[in-house]
Amino acid sequence: MGVVSALAAVGVLLTAQAALASGLQRRTQDPERLAPFGLMLDASAPEGAGLSLSFRPTRMLRLHVGGTHNGVRPGARVGLTLLPLKGRLTPALTLEAGHARPANGEGLERRIVDRTQMPIHSLERVGYSYASALLGFEWQAPKRLTFFVRGGFSIMRLYSPGIVGVDEQFRDALEPANFHGWSLSNIEPTAKLGILLSFG
């Protein structure tokens, strides 16, 4: 009986050790555990070019936060991506929200004085906020690279605070439409291409 018990105990230990080793191997090969963080670079409308840090707490969810630049001014955004399937090619649903403030009076005056800069004073006085929903695909390439393409729509709110904060001597360089504040909301199509480098 003692020999049988000893053999049974050895068998249980060997089985447990094999199961533990298999579990450790699966976790080691799991890309979400090896690389929960990422650096995401993309180009889209309305954000322009974007650079974000991402964090993937689970296989199905990725969060990101970062900055954007549309050629006129910088902005900021946050978002999340849902990844329902597992594999190298998977569908993805992304929800994002972002904001870019209009240029202040000092920045606008510098551009008016500096004639080497593009005369885009009217665009600089327009800020915007947006919320986007995009559906697309992600392809996980070797070396922790992920390429993605997405399309959807954005609900945008454009606004201008008028010419408050700009000195009188610079107001002649602005268009009359900038004299009074205004806001406008609309829905626009949006598309995005990007690449994600995972690490951690």
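**Figure 1. The whole chain.** Read from start to end, the elements of this chain come in the order α-α-β-β-β-β-β-α-α-β-β-β. That makes four helices and eight strands, where helices (H or I, at least four residues) and strands (E, at least two) are DSSP runs numbered from the N terminus. The model is a predicted one, so local features need pLDDT of at least 70 and side-chain atom pairs count only at pLDDT 80 or more, while totals for chains, interfaces and linings use all residues. Residues are numbered from 1 along each chain as its sequence is written, and side-chain values use heavy atoms, with hydrogens and water left out. Of the 200 residues in the chain, 36% are buried; buried means under 20% relative accessible area, exposed means over 50%, and partly exposed lies in between (1.4 Å probe, protein chains only). The chain exposes about 12,000 Å², with carbon and sulfur atoms supplying 69% of it; accessible areas come from the Shrake-Rupley method with a 1.4 Å probe, and for residues only the protein chains shown count as cover. Among contacts with a separation of 6 or more, 59% are between residues 24 or more positions apart, a contact being heavy atoms within 4.5 Å.

**Figure 2. Strands E1, E2 and E3, joined by two hairpins.** Let's start with E1 (residues 37-44) and E2 (residues 48-58), which run antiparallel and are joined by eight bridges. Two strands pair if DSSP finds at least two bridges between them. Three residues lie between E1 and E2 in their hairpin, and Ser-44 has Gly-48 of E2 as its bridge partner. On to E3 (residues 61-69), which runs antiparallel to E2 and is joined to E2 by eight bridges. Here the hairpin passes through two residues, and Gly-50 stands opposite Thr-68 of E3.

**Figure 3. A nonpolar patch on the surface.** Phe-37, Leu-39, Leu-41, Leu-51, Leu-53, Phe-55, Leu-63, Val-65, Val-78, Leu-197 and Phe-199 together offer about 960 Å² of accessible area in this patch. The elements that give two or more residues to the patch are E1, E2, E3 and strand E8 (182-199). Patches are made of residues with over 30% relative accessible area and no salt bridge; like charges are joined within 9 Å, and nonpolar side chains (Val, Leu, Ile, Met, Phe, Trp, Tyr) within 5 Å. A handy residue to pick out is Leu-39, found in strand E1. Why does Leu-39 count as partly exposed? Because its relative accessibility is 37%. As a reminder, in a regular strand the side chains alternate between the two faces of the sheet.

**Figure 4. The largest nonpolar core.** Six residues make up this core: Ala-100, Val-126, Tyr-128, Tyr-130, Met-156 and Leu-158. Strands E6 (127-141) and E7 (145-160) are the elements that give two or more residues to the core. A nonpolar core is a set of buried Ala, Val, Leu, Ile, Met, Phe, Trp, Tyr and Cys residues joined through side-chain atoms within 4.5 Å. Leaving aside residues up to four places away in sequence, Ala-100 touches Arg-73, Pro-74, Gly-75, Gly-127, Tyr-128 and Tyr-159.

**Figure 5. The surroundings of Leu-134.** Leu-134 has its place in strand E6. Is Leu-134 buried or exposed? Leu-134 counts as buried because its relative accessibility is 2%. Residues up to four places away in sequence aside, Leu-134 touches Ala-92, Leu-93, Thr-94, Glu-96, Arg-150, Gly-151, Gly-152, Thr-190 and Lys-192. The C-alpha atoms of Leu-134 and Glu-96 are separated by 8.5 Å, although the two residues are 38 residues apart along the chain.

**Figure 6. Salt bridges among buried residues.** A salt bridge is a side-chain nitrogen of Lys or Arg within 4 Å of a carboxyl oxygen of Asp or Glu, and by this rule the count comes to six. In one of them, the side chains of Arg-77 and Asp-42 meet at 2.5 Å, N to O. This pair links distant parts of the chain, with Arg-77 in strand E4 (residues 74-82) and Asp-42 in strand E1, 35 residues apart. Both Arg-77 and Asp-42 are buried. Arg-77 also forms a salt bridge with Glu-47, with the closest N and O atoms 3.6 Å apart. Glu-47 sits in the loop between E1 and E2, 30 residues from Arg-77, and Glu-47 is buried too. Another salt bridge brings the side chains of Lys-192 and Glu-96 together at 2.7 Å, N to O. Lys-192 lies in strand E8 and Glu-96 in strand E5 (residues 89-100), so this pair ties together parts that are 96 residues apart in sequence. Lys-192 and Glu-96 are both buried. To round off the view, Asp-42, Glu-47, Arg-77, Glu-96 and Lys-192 are linked in a network of salt bridges.
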